[in-house]
Structure formats: C-alpha cells, structure tokens
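Trainee: Could you take me through one part of this model slowly? I would like a close look at the place where the metal ion and its neighbouring ligand sit.

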Amino acid sequence: ELVEFNKFLNRIIDRFEMSKSQNVTFVRLLPKTSYFVEIDTDKLTQVIDNIISNALKYSPDGGNIRFGFTSNDNMLTVMISDDGMGIPKENLTRIFERFYRVDRARARSMGGTGLGLAIAKDMIAAHGGKIWAESEEGKGTTIFFTLPCELNEEEEWE
Ligand code: ATP
Ligand code: MG
C-alpha cells in the first residue's frame, strides 16, 4: 500500500498520545514535505508501536519522546528518541536478537518477551530498510530505521 509517511506516523503517535498514562511529552520534529512509502501498513504499525512502547517503558517521569525523519537518495531515515536509562554500547546490536533483553532486573520489572525489536528488524529488512540503535547510558536511546520512499505520488506516473 502506498501511503504518505507523515500522515501515517502522526496517526500512530496520536493513538499513543491519547492512551498513555505516563507523564511523558511527545515532540514531533516532522518535515511538512510529503513522502510516499510503499509499505505493509499493519507490519510497519507493529514496528513503530514496539519502538514507542519501549521508549515509554524506559522514559523517566517528565521525559520527552522525540519523533523525526530526514530523507536522502530516496530513503527516509526515521528516528525515535527517549530520555531513558539507555543501553550499554556492547548491547546495542544484541537488542535486535530474539529474546534478548539488556538485563534480568530490567526484564523482570518491565514485562515483555524480548521479541519486539527482532520482529522489527525482520520487517524493516523485508521493506528494504535497516534498523539500528544509538544510546548513551543514563541519557537516552535513539532508534533509527530507513525505508525506501518517493518524494511525491505524481513521479510514479511520469
Ligand atoms: P517485547 O517487545 O517482546 O514486549 P521487550 O520490549 O523486552 O519485549 P524488545 O522490544 O525486543 O523486547 O527490546 C529488547 C530489549 O532492548 C529490551 O528488553 C530492553 O532491554 C532494551 N531496550 C529496547 N528499547 C529500549 C529503550 N528505548 N531504552 C532502553 N532499553 C531499551
Ligand atoms: Mg518491546
């Protein structure tokens, strides 16, 4: 399905913003330009849902979750960042493995199975993109992913 990315992402953010119980502010740093992506909307929604629910799980009271994306060479790079506890450097690639969770204490108190990001990695790869994390312990985490895009719908028909 060909969808306008801004509208698609804003809808997902709106849904979380209406239902969240934490004192966390969503900051949308989204360009106004229309970018069209050819995606399986159910699967991409599942990917973004997991990234946002992780960010909420690890956000401190009063924290911000920032949403942004940039584009170049027909790829969008989407970033979702939080002000949470962060992830140690040596675990930054392992969080995309099945059942991997950073530490047992975290796993016990936070619930979940450790599958969300492994599924996200497969789904983003199936869409021709990549996903990775950057983090500073004690400061926060940013999840990035890329997706092939088109600047506007008309280009398709030229
Ligand atoms: P599930 O998504 O299956 O409910 P989960 O959230 O534990 O369980 P993933 O989404 O795959 O699993 O995340 C894997 C692990 O990566 C988490 O258990 C957590 O340790 C770490 N992690 C993911 N996102 C963040 C984040 N924003 N801040 C800190 N740690 C994170
Ligand atoms: Mg998760």
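**Around the two ligands**

Mentor: Happy to! Let us start with asparagine 54: a polar atom of its side chain lies 2.8 Å from an oxygen atom of ligand 1. Keep in mind that this is a predicted model. Asparagine 50 makes a similar kind of approach, with a polar side-chain atom 2.9 Å from an oxygen atom of ligand 1. Glycine 116 takes part through its backbone instead, where an N or O atom lies 3.2 Å from an oxygen atom of ligand 1. Altogether, the protein covers 93% of the 600 Å² of accessible area that ligand 1 has on its own.

Now turn to the metal. The magnesium ion, ligand 2, is coordinated by OD1 of Asn50 and OD1 of Asn54, at 2.2 to 2.3 Å. Find these two asparagines in helix H2, which spans residues 41–58; they are four residues apart, about one turn of the helix. Are they buried or exposed? Asparagine 50 counts as buried because its relative accessibility is 15%, under the 20% cut-off. Asparagine 54, with a relative accessible area of 18%, is buried too.

Finally, step back to the surroundings of ligand 1. The space that ligand 1 takes is the largest pocket. Two elements, H2 and helix H4 (116–126), give two or more residues each to the shell around ligand 1. The largest share, four residues, comes from H2. In total, 19 residues surround ligand 1, and the closest are Lys57, Asp82, Arg101, Thr113 and Leu117.

Definitions and conventions: Residues numbered from 1 in each chain as written. Chains lettered and ligands numbered in written order. Predicted model: local features only at pLDDT ≥ 70, side-chain atom pairs only at ≥ 80, totals over all residues. Heavy atoms only, no water. Donors = N, O, S within 2.8 Å, 3.2 Å for Na, K, Ca; no water. Buried < 20%, exposed > 50% of the residue type's maximum accessible area, 1.4 Å probe, protein only. Near = heavy atom within 4 Å. Polar contact = N/O pair within 3.5 Å; in protein donor to acceptor, adjacent residues only side chain to side chain. Areas by Shrake-Rupley, 256 points an atom, 1.4 Å probe, with all protein chains shown as cover. 1 Å grid on protein atoms, 1.4 Å probe; cavity = no way out; pocket = protein on both sides within 12 Å on 5 of 7 lines; lining within 4 Å. Sits in = over half its atoms within 2 Å of the grid points.
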